[in-house]
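Grab a coffee and open the viewer: here are some short exercises, each followed by a worked solution. Try each task by yourself before you read on.

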Amino acid sequence: FSTLVLEEAIPKWSLKLLLKGFEHDSVTTEIVDEECLLDYCVGVASSIGIICTFLYGGNIKKDTLTRAASLGIAMQLTNISRDIIADARLGRTYIPNTWFHMESIERDAFIPKAATTKDTITDSDTPVLSFANSIISKAESYYSEAWEGISCLPPSVRLAVASALLIYRDIGIGITN
C-alpha cells in the first residue's frame, strides 16, 4: 500500500481524512449539527473520491479534488438517507441532533421507534421521511457540483464516475418519491 501511495503521489492528508472517518465509525459518536455531518461525510467518502482521483491520474487540479469531495459527500448523504431505518436497528443515527431539536423529537426516542419501521419509508413515517428528504435535498447540491468535475477526469474513467453519480442520485430521488 505504501508503494502505491508513493507512486501515485497520494497526499497524506487524504489518508488522514479516511482514518478520521474510520475512527468516527468505530465509536458511537453523535452527529451534533450539519457541520459534523459534513465532516463525517468528508472522512468516510470524500477521502475515497480524492484518493481515487490521484489513482486515475491526469492533470489533477484543486477544482477536480473539490468536485471529487463533493461527489463523496453526495453519495454518503444518499447512503445515510437510505439507511435511516437500518442504522436505527443497529442503535445509531447520522441525523444531526440539531435536526431532532428543530422537529421537537428526542434522539433517544427516535432510534428505537425508527428501528421498528418497515424497510421502506412511507408517508406514515413522517419523521423518518422528513429527515430523509432533508438529507437528499442537501445531497442534490453536491451532486450538481460533482457533475461539473466529470469533464476534468481522464476520459478512461469519466463514464464510470458519471454512471456512479447518476445511479446514486437516482437512489436518492427514489427515496424521496
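## Exercise 1: The enclosed space

The largest cavity has a volume of about 30 Å³. The model is a predicted one.

**Task.** Find which residues line the largest cavity, and sort them by class.

**Solution.**
- Step 1. Begin with the count: there is 1 cavity of 30 Å³ or more.
- Step 2. Pick out the lining, which is made by Ile80, Asp83, Ile84, Asp87, Thr93, Tyr94 and Ile95.
- Step 3. Sort these lining residues, and you get 4 nonpolar, 1 polar and 2 charged.

## Exercise 2: The largest pocket

**Task.** Work out which helices supply at least two residues each to the lining of the largest pocket, and which residues are the closest to its centre.

**Solution.**
- Step 1. The space in the largest pocket comes to about 320 Å³.
- Step 2. The pocket is lined by 22 residues, and the closest to its centre are Gly49, Ala68, Leu71, Met75 and Val161.
- Step 3. At least two lining residues each come from helix 3 (34-56), helix 4 (62-82) and helix 9 (155-176).
- Step 4. Helix 4 gives the largest share of this lining, with 8 residues.
- Step 5. By class, the pocket lining holds 14 nonpolar, 7 polar and 1 charged residues.

## Exercise 3: Helix 3 against helix 4

**Task.** Decide how helix 3 and helix 4 are oriented to each other, then list the residues through which they meet.

**Solution.**
- Step 1. Read off the geometry: the two axes are 7 Å apart, and helix 3 and helix 4 pack at an angle of about 130 degrees.
- Step 2. Helix 3 and helix 4 are therefore oblique to each other.
- Step 3. The crossing of helix 3 past helix 4 is right-handed.
- Step 4. On the helix 3 side, the contact residues are Leu37, Leu38, Tyr40, Cys41, Val42, Val44, Ala45, Ser46, Gly49, Ile50, Thr53 and Phe54. Facing them in helix 4 are Thr64, Leu65, Ala68, Ala69, Gly72, Ile73, Gln76, Leu77 and Ile80.
- Step 5. Sorted by class, this contact has 15 nonpolar and 6 polar residues, with no charged ones.

## Exercise 4: Two partners of helix 9

**Task.** Describe how helix 9 packs with helix 8 and with helix 4.

**Solution.**
- Step 1. Take helix 8 (residues 126-147): its axis and that of helix 9 come within 9 Å and cross at roughly 155 degrees.
- Step 2. Helix 8 and helix 9 are therefore roughly antiparallel to each other.
- Step 3. Helix 8 passes helix 9 in a left-handed crossing. Their contact comprises 12 nonpolar, 3 polar and 2 charged residues.
- Step 4. Among the residues that meet here are Glu140 and Trp147 in helix 8 and Arg169 and Ile173 in helix 9.
- Step 5. Now turn to helix 4, which packs with helix 9 at an angle of about 35 degrees, the axes being 9 Å apart. This crossing is left-handed.
- Step 6. Helix 4 makes the contact with Leu71, Met75, Thr78, Asn79, Ser81 and Arg82. From helix 9 come Val161, Ala164, Leu165, Tyr168, Ile171, Gly172 and Ile175.
- Step 7. The contact of helix 4 with helix 9 splits into 8 nonpolar, 4 polar and 1 charged residues.

Note on methods:
Residues numbered from 1 in each chain as written. Predicted model: local features only at pLDDT ≥ 70, side-chain atom pairs only at ≥ 80, totals over all residues. Heavy atoms only, no water. 1 Å grid on protein atoms, 1.4 Å probe; cavity = no way out; pocket = protein on both sides within 12 Å on 5 of 7 lines; lining within 4 Å. Points joined across faces, edges and corners; volume = space filled by probe spheres on them. Helix = DSSP H or I, 4+ residues; strand = E, 2+ residues; numbered from the N terminus. Nonpolar A, V, L, I, M, F, W, Y, C, P; charged D, E, K, R; others polar. Axes fitted to C-alpha atoms, helices over the stretch in contact; angles between N-to-C directions. Parallel < 35°, antiparallel > 145°, perpendicular 65-115°, else oblique. Left-handed = near helix turned anticlockwise from the far one by under 90°. Contact = heavy atoms within 4.5 Å.
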